[in-house]
Amino acid sequence: MPVKKKALDKVRRQLAGLSALVDFWWQEMWREVKQQVALTPMWTTWIGELLLPLMSWQDQLSRTRCPKRKAKLLEALEAAQKAFETYAITQQLAPAVLADWKVWATEHARAFQRASSAVEGRNGYLSQMHHNHRGLPKRRYKVWAVLHNFDCRASDGTTPASRFFRREFPDLFETVLSTIDDLPRPRQRNQALAISA
């Protein structure tokens, strides 16, 4: 039980930061929606409870490799698809307008990625380092954060930063290399000393 209590305490400490990130994502998404359409209760339901979940399930299904999990995601996707197709707004929109909404929702669903950060990728490695009580030097955290956000690429070639901010950033290593001057030439050893040694 003490081990489980520690795990629960760790989760509780992370909830505030996690919920703040989720709130920020929803606020930005609704702010953007208000620029496109008047938010009646029907539109709010259609976007928040039908369109975004549908696109999120589709995106998750395309990235999942585990057959058991894929089957569960497919069930959820089919239920979301059925509810989406029978909703009044879906039936009234022109196919081109509906396609545009789906593209918009897919971009937002990808910006809000669910990650099993405790076991995979950069966050999983950091968590394991802390678990082993080794930790990392403070400056290395910043470097890892920059590498993760600006250089890790998804299957579509985008980085987490470009998906979140919805704009392109220059290549990380080209930018770093452009700020480095020519390296000094290696020192010249005396040939006579080198041969006699």
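Let's call a residue buried when its relative accessible area is under 20%, exposed when that area is over 50%, and partly exposed in between. With that in hand, here are some exercises on this predicted model.

**Exercise 1. Get the overall picture**

Task: Work out how many helices and strands the chain has, and what share of its residues count as buried.

Solution:
- Start with the elements. The chain has 10 helices and 0 strands, so to speak an α-only string: from the N terminus on, it reads α-α-α-α-α-α-α-α-α-α.
- Next, burial. Using the cut-off above, 22% of the 197 residues count as buried.
- Then the surface. About 15100 Å² is exposed, and carbon and sulfur atoms supply 59% of that area.
- Last, contact range. Take contacts between residues at least 6 apart in sequence: 50% of them join residues at least 24 apart.

**Exercise 2. Find the core**

Task: Which residues have the most contacts inside the largest nonpolar core, and which helix gives the most to this core?

Solution:
- The largest nonpolar core holds 24 residues, and W46, I47, L51, W101 and W104 have the most contacts inside it.
- Now map it onto elements. Helix 1, helix 2 (41–63), helix 3 (67–86) and helix 5 (95–111) each give two or more residues to this core.
- Helix 2 is the top contributor, with 9 residues.
- Zoom in on W104. Leaving out residues up to four places away in sequence, W104 touches M29, E32, V33, Q36, I47, L51 and L52.
- For background, nonpolar side chains tend to be buried together in soluble globular proteins.

**Exercise 3. Count and place the salt bridges**

Task: How many salt bridges are there, and where does the E32 to R166 pair sit in the chain?

Solution:
- Set the cut-off: a side-chain nitrogen of Lys or Arg has to lie within 4 Å of a carboxyl oxygen of Asp or Glu. By that rule the count is 2 salt bridges.
- Take R31 and E28. Their closest N and O atoms are 2.9 Å apart. The two residues are 3 apart in helix 1, so about one helical turn separates them.
- Check their burial. R31 is partly exposed at 43% relative accessibility, and E28 is partly exposed at 29%.
- Now E32 and R166. Here the closest N and O atoms are 3.2 Å apart. E32 lies in helix 1 and R166 in the loop between helix 8 and helix 9 (172–178), so this pair ties together parts that are 134 residues apart in sequence.
- Burial again: E32 counts as buried at 16% relative accessibility, while R166 counts as partly exposed at 41%.

**Exercise 4. Trace the polar contacts around E32 and H108**

Task: Is H108 buried or exposed, and which side chains does E32 meet in polar contacts?

Solution:
- Place H108 first. H108 is found in helix 5, and at 1% relative accessibility it counts as buried.
- Then follow E32. Its side chain makes a polar contact of 2.8 Å with the side chain of W104 and one of 3.5 Å with the side chain of H108.
- Look at the neighbors of E32. Not counting residues up to four places away in sequence, E32 touches W104, H108 and R166.
- Go back to H108. Its side chain has a 3.1 Å polar contact with the side chain of R166, and it reaches the backbone oxygen of W104 at 3.0 Å.
- Finish with the neighbors of H108. With residues up to four places away in sequence left out, H108 touches W25, M29, E32, L52 and R166.
- Put together, E32 pairs with R166 in a salt bridge, and H108 has polar contacts with the side chains of E32 and R166.

**Exercise 5. Locate a nonpolar patch on the surface**

Task: Which residues make the nonpolar surface patch, and which elements give two or more residues to the patch?

Solution:
- The patch covers about 380 Å² and is made by L21, F24, F164 and F165.
- By element, helix 1 (2–34) and helix 8 (160–165) each give two or more residues to the patch.
- Take F24 as a sample member. F24 lies in helix 1, and at 36% relative accessibility it counts as partly exposed.
- Why can F24 be in a patch? Patch residues need over 30% relative accessible area, and F24 has 36%.

Notes. Residues are numbered from 1 along each chain as its sequence is written. This is a predicted model: local features need pLDDT of at least 70, side-chain atom pairs count only at pLDDT 80 or more; totals for chains, interfaces and linings use all residues. Side-chain values use heavy atoms; hydrogens and water are left out. Patches are made of residues with over 30% relative accessible area and no salt bridge: like charges are joined within 9 Å, nonpolar side chains (Val, Leu, Ile, Met, Phe, Trp, Tyr) within 5 Å. Accessible areas come from the Shrake-Rupley method with a 1.4 Å probe; for residues, only the protein chains shown count as cover. Helices (H or I, at least four residues) and strands (E, at least two) are DSSP runs, numbered from the N terminus. Buried means under 20% relative accessible area, exposed over 50%, partly exposed in between (1.4 Å probe, protein chains only). A polar contact is a pair of N or O atoms within 3.5 Å; within protein, one must be able to donate a hydrogen and the other to accept it, and residues adjacent in sequence count only if both atoms are side-chain atoms. Contact means heavy atoms within 4.5 Å. A nonpolar core is a set of buried Ala, Val, Leu, Ile, Met, Phe, Trp, Tyr and Cys residues joined through side-chain atoms within 4.5 Å.
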